[in-house]
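Student: I'd like a close look at one part of this model, the place where a backbone angle does something unusual. Could you walk me through it and what lies around it?

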Amino acid sequence: MTSSPLPARSRLVQEALIAAGLAGEIVVLPGAASTAALAAEALGVEVGAIANSLVFWSDGEPLLVMTSGAHRVDTKALAERLGRSRIERASVDQVREATGQAIGGVAPTGHPTALTTVVDEALAEYSEIWAAGGTPHTVFPLTFDELVRVTGGVVSKVD
């Protein structure tokens with residue numbers, strides 16, 4: 001793992017982390033970490049400690065769900081919990097437009113505008129979690145509380 005040079009998308013994420021007062025530094029992995037399993041293997045951590053950034057479309061807007069790599073999002077149950085009519089997986093184009101980032105590398109921050117965000121309560125079980133840094137090859141560490149703070153997210157059960 002290396003800490004530089006960062007791709008342009010990851011530099012935007014790093015700037016957002018610095019602005020939020022987070023100390024986690026983005027690292028570049030030698031291979032893609034575009035899935036929770038790949039990221040966990042590369043980092044030597046449990047898959048549950050990977051904070052997957054999943055973009056959905058709900059009630060006419062993007063919805064970012066930060067879920068534990070050990071969970072799948074139950075969109076119907078989550079929509080009921082959030083009082084939304086429906087939650088559907090966003091298209092590739094919708095993800096790129098909402099985040100400026102590609103699927104497999106979506107960070108919890110560094111987007112063109114703030115996204116409504118839900119943070120999986122299960123991530124609180126880990127003292128350190130890892131999130132994508134804006135590309136499939138970049139990740140950074142943070143705590144659950146830092147994730148909630150940097151995203152402005154609502155904590156909820158997602159599975």
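Where is the place of Asp59, going by the strands on either side?

Tutor: Asp59 is in the loop between strand 2 and strand 3, the latter covering 61–68 (strands are DSSP E runs of at least two residues, helices H or I runs of at least four, numbered from the N terminus). Bear in mind that this is a predicted model, where local features need pLDDT of at least 70, side-chain atom pairs count only at pLDDT 80 or more, and totals for chains, interfaces and linings use all residues. Residues are numbered from 1 along each chain as its sequence is written, and side-chain values use heavy atoms, leaving out hydrogens and water.

Now for the angle. Most residues other than glycine have a negative phi. Asp59 has a positive one, near 50°, and isn't a glycine. Asp59 is also partly exposed, at a relative accessible area of 44% (between 20% and 50%, with a 1.4 Å probe and protein chains only).

Go back from that loop into strand 2, which spans residues 50–58. Strand 2 pairs with strand 6 (residues 129–132) in the parallel sense, over two bridges (at least two DSSP bridges make a pair). One contact to look up is Ala51, whose bridge partner in strand 6 is Ala131. Strand 6 also runs antiparallel to strand 7 (residues 138–142), joined to that strand by four bridges, and here Trp130 stands opposite Pro141. The hairpin of strand 6 and strand 7 has five residues between the strands, and one residue there, Gly134, takes a positive phi as well, near 105°.

Strand 2 shows up again in the pockets (open sets on a 1 Å grid where a 1.4 Å probe fits, with protein on both sides within 12 Å along at least five of seven lines; lining residues come within 4 Å of a point). The largest pocket is lined by 23 residues, and nearest its centre lie Ser34, Asn52, Ser53, Leu54 and Gly104. Helix 2 (36–43), strand 2 and strand 6 are the elements giving two or more residues to that lining, and strand 2 gives the most, with six. For the second largest pocket, strand 2 again gives the most, this time three residues. The lining of that pocket includes Asn52, Leu54 and Phe56, along with His71, Arg72 and Arg89. Asn52 and Leu54 are thus worth picking out on screen: they lie among the residues nearest the centre of the largest pocket and also line the second largest.
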